[in-house]
Amino acid sequence: MTTDTTASRPLTAAQRALLAGRDASFELGGVSTHTYAEFDGHFDVDRLRHALALVIARHDALRLVIDARHGTQQVTSVPGPIPLRVVDARNLPANDLAQVIDEVRREFSHLVRPADASPPFGVTLVRLRETESVMCLDVDGLTLDLQSVLLLQRAIVRAHDAPEDTVAPEDTVAPEDIPAPTPGVLETSHALDERWKTDRAKAVAFWADELPTLPPPPRFPLRRRPSDVGPPRFHTRSRHIDATMWEAMKTTARLHRLTPTALWGAILSEVLAARTCGSRFTITVPCTRRVPLHPDLHRVMGPFSTFVPVGIDWSAGSFHDRAGALQHTLWRSLANHPAAGPELVAELARMHGAGGRALLPVVFTSTLGLPLPAVPGLGRPRYTSSQTAQIHLDVRLFDDDGGVRLDVDTVDDLFGHDDARTLVDELVDTARRTLDGAALWDRPASSATAHAVWRPCVRPVTALDTVLVECIESVTGFFPLGIDDVITDLGVGLERAGAVATEIATALPGTDVRRRDVLGGGTIANLGALLRTRTPHIDTVAELSLEAARLTTVPSAGAHPVKGHHARS
């Protein structure tokens, strides 16, 4: 491929956003978009080094370097050293081999690679035995979308396994016919394409109407405020749906006129609605901007990705009805991807006064059905992880040996290990229940109340919590984050709360609120206890809720209370 290595081109909006996410001053920032995977196999060191050189020379995106100061990038004809490190563990006792892999994983699974160096990936080969090794591949996402990462994995293995001095099959595409996979060439092609300009104009109009109606993101009962976490550490939990179950799920999807991705979107929505503070929420769905300028463009590596927000209403109708509505919404959002991406997040931040907060922290990524070349020597990864700035939860789907691999990345500092594991188990359990016929598909929505407040939720959420939160948020648009806020704002001592909590727990007939629920650290239930000390005549949850709303309402219209400035009774 002939490429002008002297010309620099502007970063795309998506790349600028990813670069900004490396800034630790943003909530859940200080990390790069990065993937890590480990593959078992028999890899020859010399052949692997040669394969890496071939792949890097073939794909311009692997030689892109970024000038963050000027917001530009260019392809260099002189890439950095071959990114191969070899760890020889052949003489170690079997009990020590797992520790060697763990050390590599700790070092590279959350790496932030320099943007001004190429290539944007590295390989660590751990040699376990003469015919047994583990290839650990970490990839930065600044110049490669997820489809490109999957292509890179395949290209390396195919180049390694091909006869010496031959070209891997996917690299036999006529290179002179394919535009260099650099953002500048891609955007120039877009500008010259009349259909693209028409589609973008329609998409701009669509999002202008859609954004003001989007519900907030799923609000999990989190262990900590996201702003207190610092650079996040992600943990990946993987599950495999075997070919038999997956075929049955696809048959069920067809009966309900759903695509496989829409079925999984419905499964995720069912779990989110059950586990979060509300049944209307917005998730982020990554997609590609690979305009079909050439029939083999899907084989080219590059930064083609963007994302769309998808607003979901899981509050009414049967599971069948909600899944159908979700599919329609998903298709509408994806059809308007030409004007989506970081620009929409910036507009949401302006609309909701979000500053540097994580506005769309739940991601749903499906690669099901992507036209990727089969690679006999590339098996299922033994371990994977990914990370992205300002994300709490990323649910990813991959075709896997006739079935599906489900990877769920969570920030465990927010969720906790047990809650994150339970969430993954509930996704798999809900997937199984899609095969139970009317038991799930005819089931009505839960009675969870929809919220429309773009603020975080901090656990635990009890029966009393839910009622108070609904009332306060609907009246004031304010979510008291914890006991410290309540004590500061209402001026009531904590020592009195314990005794009053017992009174409240016994004074609410027909509820399942226990003393320990009311005393849960950092919960909105404490607000009920503290309000009770000021209003001893209140005996019901409804009256407590109204009093909470009255005390936290700000006189000036439209103003949001801030810490230390609530209205006093």
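Arg9 finds its bridge partner in strand S4, where Gln73 sits opposite. In this predicted model, that pairing belongs to a link of two bridges between S1 and S4 (residues 72-75), and the two strands run antiparallel. Both are part of an open sheet of three strands, ordered S1-S4-S3 and paired in the antiparallel sense. Strand S1 (9-10) and strand S3 (64-67) form the edges; each has a single partner strand, so one side of each has no neighbour in the sheet. As background, strands of a sheet pair through backbone hydrogen bonds, in either a parallel or an antiparallel way.

A parallel example comes next. Strand S5 (residues 84-88) pairs with S6 over five bridges in the parallel sense. Within S6, Arg127 is the bridge partner of Asp88. Strand S6 covers residues 121-129 and is mostly covered, with eight of its nine residues buried.

Here are the strands side by side:

| Strand | Residues | Partner strand and bridges |
|---|---|---|
| S1 | 9-10 | S4, two bridges, antiparallel |
| S5 | 84-88 | S6, five bridges, parallel |

Is His34 buried or exposed? His34 is buried, because its relative accessible area is 1%, under the 20% cut-off for that class. This histidine lies in strand S2, which spans residues 34-41. Setting aside neighbours within four places in sequence, His34 is in contact with Phe108, Ser109, His110 and Leu111, with Asp138, Val139 and Asp140, and with Ser385, Ser386 and Gln387.

Asp140 turns up again in the lining of the largest cavity. Which other residues line that cavity? They are Arg22, Leu64, Ile66, Arg113, Pro114, Ala115, Ala117, Pro119, Pro120, Leu142 and Thr143. By type, the lining has eight nonpolar residues, one polar and three charged. The space inside the largest cavity is about 80 Å³, and the count of cavities of 30 Å³ or more comes to six. In general, rolling a probe the size of a water molecule over the atoms shows where empty space is left.

Now for the chain as a whole. The protein chain holds 19 helices and 14 strands. Of its 569 residues, 54% count as buried. The chain exposes about 24200 Å², and carbon and sulfur atoms supply 53% of that area. Among contacts with a separation of 6 or more, 77% join residues 24 or more positions apart.

How values were computed:
Residues are numbered from 1 along each chain as its sequence is written. This is a predicted model: local features need pLDDT of at least 70, side-chain atom pairs count only at pLDDT 80 or more; totals for chains, interfaces and linings use all residues. Side-chain values use heavy atoms; hydrogens and water are left out. Helices (H or I, at least four residues) and strands (E, at least two) are DSSP runs, numbered from the N terminus. Buried means under 20% relative accessible area, exposed over 50%, partly exposed in between (1.4 Å probe, protein chains only). Contact means heavy atoms within 4.5 Å. Accessible areas come from the Shrake-Rupley method with a 1.4 Å probe; for residues, only the protein chains shown count as cover. On a 1 Å grid over the protein atoms alone, a cavity is a set of points where a 1.4 Å probe fits but cannot get out, and a pocket is an open set with protein on both sides within 12 Å along at least five of seven lines; lining residues have an atom within 4 Å of a point. Grid points are joined across faces, edges and corners, and a volume is the space filled by probe spheres set on the points. Ala, Val, Leu, Ile, Met, Phe, Trp, Tyr, Cys and Pro count as nonpolar, Asp, Glu, Lys and Arg as charged, and the others, Gly among them, as polar. Two strands pair if DSSP finds at least two bridges between them.
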